[in-house]
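Reader: Hey, got a minute to walk me through this one? I'd like to start with the charged pairs.
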Amino acid sequence: MVNTILIVGSSMEIGGKPSGASKSAIVSPISKPSIPLKAHISPTPTSFVRIFPSPSKMNNSLMDIKRLAHFLAGHAHWIVFGRIYTSASALLLSVVLSRSMPIDVYGQYQFYISTFFLASAFSLTSSTNILLKYAAIGHEWSYGIIFNYRLQYALVGSVALVGWGIFGTAGADIWIFFALALLLPLFNCCDLFEYLLQARISFKSLNLIYIFRSTFALVVPITIFLIGGDGPLTVLAYLGSISFINLAFHWRSWKSINHKKIPSPALVLAIKRESFF
């Protein structure tokens with residue numbers, strides 16, 4: 001009876017002999033130099049596929065590049081000049097007032113400015129991006145919804161300023177907080193016109209307004225301080241000049257929108273929800 005045993009993983013084959021066979025009957029191919037042992041590994045063929053864009057996609061990309069170049073050629077200089085002018089006028093105002101005011105008066109000026117902008121957090125300042133989103137796709141009627149929604153929360157900030165003036169300051173400073181409370185909705189809600197003009201891609205008009213508003217916000221506070229030398233009045237002159245210019249251009253933008261279009265309640269709810277968060 002002959003048995004053959006194959007050991008997996010080894011190159012040795014044991015050929016069984018009839019019982020009584022000697023150990024020399026074990027044959028290993030390793031001991032035979034004439035039989036080369038080679039491991040043949042067949043690599044898995046890998047195919048390289050080059051995907052070329054279709055001509056229609058390339059044409060669309062070229063059109064996008066042309067539109068971008070046309071946009072930059074028509075609006076970039078207005079955007080750059082408007083931003084530089086606004087930043088330079090704000091810096092100049094800060095330098096002039098800090099050098100002209102006594103330390104205590106300038107500290108009072110900065111205190112009221114900081115208090116005002118702290119209360120501005122109630123007026124849903126991030127909702128401006130929602131107006132950009134919807135007005136850019138033709139839903140300019142969302143301007144009125146977002147404005148009214150912001151106004152409700154801005155009034156909460158106004159109440160907070162009045163409460164701060166009554167309970168947190170001396171009696172002589174209450175009138176300043178009342179004035180700040182009146183200016184807060186105008187300053188923070190009427191600036192929506194800026195984002196409507198951005199959605200309309202009217203950057204020339206927008207940056208001309210920036211230049212006009214920044215000039216007033218520079219000249220009026222300095223003039224008021226040079227005449228009266230009063231820190232709180234200078235604060236009100238600065239915030240008031242911006243607020244009433246915002247009100248004027250807000251009214252102009254409001255009249256240019258078709259408010260007769262009745263949107264769906266679900267879309268109105270979505271706009272309010274996105275404006276809040």
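Author: Sure. R200 and E140 make a salt bridge through their side chains, 3.0 Å from N to O. R200 sits in the loop between α6 (192-199) and α7 (203-228), and E140 in the loop between α3 and α4 (142-167), so the bridge ties together parts that are 60 residues apart in sequence. One caution on the source: this is a predicted model, where local features need pLDDT of at least 70, side-chain atom pairs count only at pLDDT 80 or more, and totals for chains, interfaces and linings use all residues. Residues are numbered from 1 along each chain as its sequence is written, and side-chain values use heavy atoms, with hydrogens and water left out.

Reader: What counts as a salt bridge here, and as a helix?
Author: A salt bridge is a side-chain nitrogen of Lys or Arg within 4 Å of a carboxyl oxygen of Asp or Glu. Helices are DSSP runs (H or I, at least four residues), numbered from the N terminus.

Reader: Are R200 and E140 buried or exposed?
Author: Partly exposed: R200 has a relative accessible area of 30%, and E140 has 22%. Buried means under 20% relative accessible area, exposed means over 50%, and partly exposed is in between (1.4 Å probe, protein chains only).

Reader: How many salt bridges does the structure hold?
Author: Four. Another one pairs E274 with K133, at 3.0 Å from N to O. E274 lies in helix α9 (residues 265-276) and K133 in helix α3 (residues 128-135), so this pair ties together parts 141 residues apart in sequence. E274 is partly exposed at 25% relative accessibility, and K133 is partly exposed at 45%.

Reader: Which residue does D191 pair with?
Author: R150, with the closest N and O atoms 3.3 Å apart. That salt bridge links distant parts of the chain, with D191 in the loop between α5 (174-189) and α6, and R150 in helix α4, 41 residues away. Both D191 and R150 are buried.

Reader: OK, switching to helix α8. What does N246 touch?
Author: D191 again, along with L186, F187, C190, F193, E194 and R213, not counting residues up to four places away in sequence. Contact means heavy atoms within 4.5 Å. N246 lies in helix α8 and is buried, at 1% relative accessibility. Its side chain also has a polar contact of 2.7 Å with the side chain of R213.

Reader: And what's a polar contact?
Author: A pair of N or O atoms within 3.5 Å; within protein, one must be able to donate a hydrogen and the other to accept it, and residues adjacent in sequence count only if both atoms are side-chain atoms.

Reader: Where is S243, and which residues is it in contact with?
Author: S243 is in helix α8 (residues 231-255), buried at 0% relative accessible area. Leaving aside neighbours within four places in sequence, S243 is in contact with L183, L186 and F187. A polar atom of the S243 side chain lies 2.7 Å from the backbone oxygen of L239.

Reader: Back to α3 for a sec. Is L131 buried or exposed?
Author: Buried, with a relative accessible area of 0%. L131 is found in helix α3, and beyond four places in sequence it touches A136, S142, Y143, I146, L192, Y195 and L196.

Reader: Last one: where is L118, and is it buried or exposed?
Author: L118 is in helix α2 (residues 103-119), and it's exposed, with 56% relative accessible area.

Methods:
Helices (H or I, at least four residues) and strands (E, at least two) are DSSP runs, numbered from the N terminus.
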